[in-house]
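Here is a quick tour of the model below, starting from one strand and working outwards. Have the viewer open as you read.

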Amino acid sequence: MTDSTLFVDFREVWLAYSDEAAQRSEFAVEDITLSTRQGEFIAIVGPSGCGKSTFMKLATGLKRPTRGEVRIAGEAVTGPLKIVGMAFQAPTLLPWRTTLDNVLLPLEIVQPYRAQFRDRRREYAERARRLLATVGLDGYEDKFPWELSGGMQQRASICRALIHEPRMLLLDEPFGALDAFTREELWNVLRDLWTAQRFNVILVTHDLREAVYLADTVYVMSRRPGRILERREVGLPRPRDLDITYTEPFAHLVQELRERIGSIRKR
Amino acid sequence: MTASRSLERFAPLLLLLLILLAWELVCRGFSISDFILPAPSAILVALVEYAGPILFHAWRTFWTTMIGFGISIVVGVFLGFVIGSSRLAYSAMYPLLTAFNSVPKAAVVPILVVWFGIGAGPAILTAFLISFFPIMANMATGLATLEPELEDVLRVLGARRLDVLIKVGLPRSLPYFFASLKIAITLAFVGTTVSEMTASNEGIGQLLLSAGSQSRMPLAFAGLAVIGVMAMAMYELFAWIERHTTAWAHRGQQAT
C-alpha cells in the first residue's frame, strides 16, 4: 500500500483532554495507529466509554492530538475538516426548519456553497430533494422533523451529513436509538448510499452485527484509555444482503469479535 | 369534544363571574361596609363615576410601563445574548445580576427620585429594572442549551460562532424569549405602580394611594381592577404572538 492511496492515516496518536491530564498520563486514546484505503468503510467497536467518540473528534479535526499525527487525504489535520459529514445517535434536526431546509443547512455554512447559496438555492433544493428520495423520504421534504418517525429523522440526518458531498462520513452510533427492523432497513440505506458514492466511512458502533454487515474492516477498541486491540478484515463478498447475517461465516466473525470484547470487559 | 373545548375556553370567565357573585353575596349577606371591603357592584359604580380620572391615570401608567418594558426588552436581549454565548461572561455577570435582581425595587425608587425627580422617570426605570431579568435569563438559557453534537456538525463545516448563534441559537431561544415577555410585562406593571405610589403625581399607583388615604375603598379597588385588566390584556397579547411565531415549540397541541 503506497501513501497516495491512504485516506485516513493515524500515526501513533495520543490524546489527553488537558495539559494537566497529559502530565498525569491520563489519556482518552493511546497510541492509535490506523490507516484506511481510499473509499474504505471501517467500523470501530468497543465497550462503552472506550474513547470511540474521541476518535471521531480526532478524525474531524475538532481535537488536535497531544502526540502523534493525524493525516486525512494526504494532509496533516490542523483544524476542522470541511470534507467531513457527521451524524449521531440523536438526529439533532432543527424543529423550526422543514426536512428540506434541515438538509440544506450545511450548504448555508460551508464554502463554496455558502457564497452562492442565494443565487443557486433552487438548484440546491433540487439536489436535496434527490438525495432525500434516495433514502426513501420523497414526499416528506416539507414536513417538519417532529412530524417524522425516528427512523425517518435519522435518514434526514444522514442526508444532512451528505448534502455537501463530503469525502468522509463519520457516524457515531447512528442507529442506536432505533428499533431492530428500522435499524436493518437503515443499514441497507447506508449500504446503498456508500455503494453509489464510495465516500470513506468511519462507523462507531457497539452493534457487532452492524459493524460486520456494513464494514470492510472492523477495529476493536479497548476500554479507556482507548487503544486499538485488533483489526479484522471482513472478507464477506459484496454486495451484501441481510440474508448474509444468517450465514455461518458471518455468525462466526461476530462471535469472535464478541469474545474479544468480552475478554476486555472481564479484565 | 367541541363542548368541552368551548367550556375550557370560557372557564376563566365563568370562574371570575362565580367569584364576583360570591364576593357580592358575602358583602351583602354580612352587611360589610364599603370602607372595609367594597362589593363588586360598588366598585363598578366607582369605575363608571370616576371613569375620566381613572382613564387619565391608567393611560399614564400604561405608557410609562410600555417604555420601561421596551428598554427592558432591548437590555434583556442584549445581556442574555452576551451571557448565553460566552461562558466567561456568564460566570462573571450572572452572580452580580442575581444579587441585583433580589434587591426590592421599591427600595430603589427613592434613589431614582433623587436622580430623576418626581415624574415619569422613576416609573419607567422601575418598570425596566424589575422586568429585564427574566428576559435576560431566558435568552441566555435558550442560547446555552445547544446540543454539543449539533455544534460539532456545524463547526466541522467551518461555521463561525456567529453562524451557530444566528442559524441555531437565536431561533432556539425565541420560545424562551416570548415566554419571558409574558412574565416580564406583568412585572413591569408592578414596577410602575410601586414607583408611582411614592414618586409621581399621576398614574394608577398615585390614584391608589390617594384613594386609600381618603378611605375611598371602591375607587382603590377600581384602580386595582384596571391594573389587573391591563396586565392581563398584555399577557394575552404576548401569549398570542408566541403561539403564532413559534408554533414548532408547541407542537404537542397540534399533533394530537
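Is strand β9 (residues 217–221) of chain A mostly covered or mostly open? Mostly covered: 4 of the 5 residues in β9(A) are buried. Bear in mind that this is a predicted model.

## β9 and its two partners

On one side, β9(A) pairs with strand β3 (residues 41–45) of chain A, in the parallel sense and over 4 bridges. Two facing pairs help you find the register. Ala43(A) has Val218(A) in β9(A) as its bridge partner, and Ile44(A) stands opposite Tyr219(A).

The other partner is strand β10 (residues 228–233) of chain A, and here the pairing is antiparallel, with 5 bridges to β9(A). Look for Val220(A), which sits opposite Glu230(A) in β10(A). The link between β9(A) and β10(A) is a hairpin of 6 residues. As a reminder, strands of a sheet pair through backbone hydrogen bonds, either parallel or antiparallel.

## The sheet around them

Zoom out a bit and these strands turn out to belong to an open sheet of 6 strands in chain A, ordered β6-β7-β8-β3-β9-β10, with mixed pairing. At the edges are β6 and β10 of chain A; each has a single partner strand, so one side of each is left without a neighbour in the sheet. From one strand to the next the twist averages 15°.

There is a helix to look at here too. Helix α2 (residues 52–60) of chain A lies across β3, β6, β7 (168–172), β8 (200–205) and β9 of chain A. Its direction is about 160° to that of β7(A).

## A closer look at Ile44

Back to Ile44(A), which is part of strand β3 of chain A. Why does Ile44(A) count as buried? Because it has 26 C-beta neighbours inside 10 Å, and the cut-off for buried is 20 or more.

Leaving out residues up to four places away in sequence, Ile44(A) touches Lys52(A), Phe55(A), Ile202(A), Val204(A), Tyr219(A) and Met221(A). For a sense of distance across the chain, try Gly262(A): 218 residues separate Ile44(A) from Gly262(A) in sequence, while their C-alpha atoms are 16 Å apart in space.

## Chain A as a whole

Chain A has 9 helices and 10 strands. With a radius of gyration of 19 Å, close to the 18 Å that the globule rule gives for 267 residues, chain A is as compact as a globular protein of that length. Its C-alpha trace spans about 55 × 45 × 35 Å along the principal axes.

Buried residues make up 39% of the 267 residues in chain A. How much of the contact list is long-range? Of the contacts in chain A with a separation of 6 or more, 72% are between residues 24 or more positions apart.

## Where chain A meets chain B

Finally, the other chain. In the model, 21 residues of chain A are in contact with 17 residues of chain B. On the chain A side, the elements that give two or more residues are β6 (84–88) and α3 (99–109). Which of these gives the most? That would be α3(A), with 4 residues.

As for chemistry, the chain A residues that touch chain B divide into 16 nonpolar, 3 polar and 2 charged. Note that β6(A) turns up twice in this tour, at an edge of the sheet and among the elements that touch chain B.

Note on methods:
Residues numbered from 1 in each chain as written. Chains lettered and ligands numbered in written order. Predicted model: local features only at pLDDT ≥ 70, side-chain atom pairs only at ≥ 80, totals over all residues. Buried ≥ 20, exposed ≤ 12 C-beta atoms within 10 Å, placed from the backbone. Pairing = 2+ DSSP bridges. Contact = placed C-beta atoms within 7 Å. Rg over C-alpha atoms; globule rule 2.2 N^0.38 Å. Nonpolar A, V, L, I, M, F, W, Y, C, P; charged D, E, K, R; others polar. Axes fitted to C-alpha atoms, helices over the stretch in contact; angles between N-to-C directions.
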